[in-house]
Amino acid sequence: MDFKLTSKYRPTGDQPQAIRELTEGLQRGDRAQVLLGVTGSGKTFTVANVIAAVNRPTLILSHNKTLAAQLYEEMRGFFPENAVEYYVSYYDYYQPEAYLPHSDTYIEKDLSINEEIDKLRLSAVSSLLSGRKDVGVVSSVSCIYGMGGPTAMAESVIKLHKGQTLARNMLLRRLVDALYVRNDIDLQRGNFRVKGDTVDIFMAYSDNVVRVTFWDDEIDSIEEVDALTYHRMATFEDYQIYPANLFVTSKEQQALAIHHIQDDLVKQIDFFNEMGDPIRAQRIKERVEYDMEMIKELGHCSGIENYSRYFDGREAGQKPYCLLDFFPDDYLMVIDESHVSVPQINAMYGGDRARKTNLVEYGFRLPAAFDNRPLRFDEFQQMVHQVIYVSATPADFELNEAEGVVVEQLIRPTGLLDPEIEVRPSENQIDDLMDEILTRVHRNERVLTTTLTKRMAEELTEYLLNNGVRTNYIHSDVATLDRVKIMSDFRAGVFDVLVGVNLLREGLDLPEVSLVAIIDADKEGFLRSHRALTQTAGRAARNVNGKVIMYADTITESMQKTIDETNRRRTIQMRYNAEHGITPQQIVKEIKGDLVKPSAEATAPSYGNAYIEPESSRMVADPVMRTMTPDELRTSIAESTRLMNEAARRLDFLQAAQYRDEVLRLQDLLAQREGSTM
């Protein structure tokens, strides 16, 4: 099928030009292009139009799960008839294996897998294996992490057709080889059930149950049935069943893998003995022999990914297989917020390598563990066919890759202008800021203030509170649950000023903010670079009264670049508004996605995180809850865990994170209760 774009909107402003230039660049074979799009200009709609125009399988890469989920929902809306897939980390919680030599502490791997996201990952791979051209995958950086190879996956696909001669037991064996599990009592995703001549298979990558009915050794019918009622939904002449796991291998390869593991174990034991360290030699011997026994008996073991090289048949140091291997050679990659995503991709390998170095050196893992890794950046670059970098502030790397050619999208359909920027002296800056805040409070608008350090954020918050200004702060030490609640209350007007550090740069959509105040704007560095200042200023770009005040004694090069670029964008938008008779329209955005509604009663000033918390947070501090028995606490933990999983299935990761933090708080309370009774 071809990509079919469905939307009630039509390209406006400079979107048609951006779509045309990007499409022409792809058609003439440009390897890299940059789409410089301001906040609110409809960059996602532009990308969707380009995908429809070039009609190629596309990977859209985002730097975190939440933004990836938003892009996924938007793309599904644009392409409802096509295979739009979602591929992110399937861990609700993940504590990697590690060893800390200075304290002789071994940390065992701990994780919680989200079954719904696992299904979506399998669905993405299945769509790519099917050979469809209308596949769009929205992914986080999980796409550069190791998985089973495309050849092994393709060989595990079970192709069926009506009238095919195939013994029933042969189908069952092939299902087991594709990592489906027989379960004749409780059919769940990734299971199959046998009743006489009928085999029901619950697909691992969808909500469908496939019923294959035999007449002797011939397939008589292939049907999809409802997973609850088992009523027939559709019949098929042909059907393909894709593997139930992203790591599949043959029995022959498994036997060969165990042989190679044994050889490398002997080498590592000899290495430690030659070093004069029998403790490490004994440690690696016991751990690997136990793992090999588990693999022989069960087909898997804890930490089996550390042996992936043996199962893939790769040499030491060879690039692992990843999602990018499943795309055809002519695929298109789109990297959203590239100024953040590209550095994140670049950093993945180093962090993974550093953690595993201790595990290998101290005898917890074989050196083959190094080959269970994300791609190095040079390997990632080699797998890029054609790429569009999307950002309001593209970095030098992206600009160099595109050889300086930038496609601009600076016009907002709403007519909103980039905020006016004013530079004021640092002397008496807090008094001046106070006057500006009171003006915004009178108009029921919000103020963002950014400082250089956490300490400054807290002290400024305390000062404003002491002067009757409803204020709160947010920085990296604030828990996820509290952070999201703070943002919700801020938008709802529970307090008027939010003070922060780096978290105020990207990813905050706050239409109520009309003023962004930047303290110490002339202190050059990461937080006051041209791109950081531009991103910070952009937080006021969704309000018709948007304004930015930079408090500084000198105008640095970064400040001047930000001012010049902002003024240039304002001029373009004003010219467009005048030519088309557009009056800027204030964006109105519903406050949603929160665990509870904003606290209407939280009107009194408070310091730090001492605001009225959501019901779930108050629960832990509630004296009644503190009298609960351990069993009652366990019940509450189970309920919060269930709600967390439901939120994750809806792809509402902010709400899932809220419930996760609540689970952690309840677990702490349970640990205290159980500790006090020992």
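**View 1. The largest nonpolar core and its best-connected members.** This core has 62 residues, and L175, Y180, L323 and F380 touch the most other members. (A nonpolar core is a set of buried Ala, Val, Leu, Ile, Met, Phe, Trp, Tyr and Cys residues joined through side-chain atoms within 4.5 Å; buried means under 20% relative accessible area with a 1.4 Å probe, protein chains only.) Helix α4, residues 115-129, gives the most to this core, with four residues. (Helices are DSSP runs of H or I, at least four residues, numbered from the N terminus.) Keep in mind that this is a predicted model: local features need pLDDT of at least 70, side-chain atom pairs count only at pLDDT 80 or more, and totals for chains, interfaces and linings use all residues. Residues are numbered from 1 along each chain as its sequence is written, and side-chain values use heavy atoms, leaving out hydrogens and water.

**View 2. Around F380.** Beyond its neighbours within four places in sequence, F380 is in contact (heavy atoms within 4.5 Å) with L61, I144, L324, M333, I335, I345 and L375. A second, separate core has 32 residues, including F45, V88, L332 and V334.

**View 3. S308 in helix α9.** Helix α9 spans residues 308-312, and S308 is buried at 9% relative accessible area. Outside four places in sequence, S308 is in contact with R314, D371 and N372. The side chains of S308 and R314 share a polar contact of 3.1 Å (a pair of N or O atoms within 3.5 Å; within protein, one must be able to donate a hydrogen and the other to accept it, and residues adjacent in sequence count only if both atoms are side-chain atoms).

Key. Buried < 20%, exposed > 50% of the residue type's maximum accessible area, 1.4 Å probe, protein only. Helix = DSSP H or I, 4+ residues; strand = E, 2+ residues; numbered from the N terminus.
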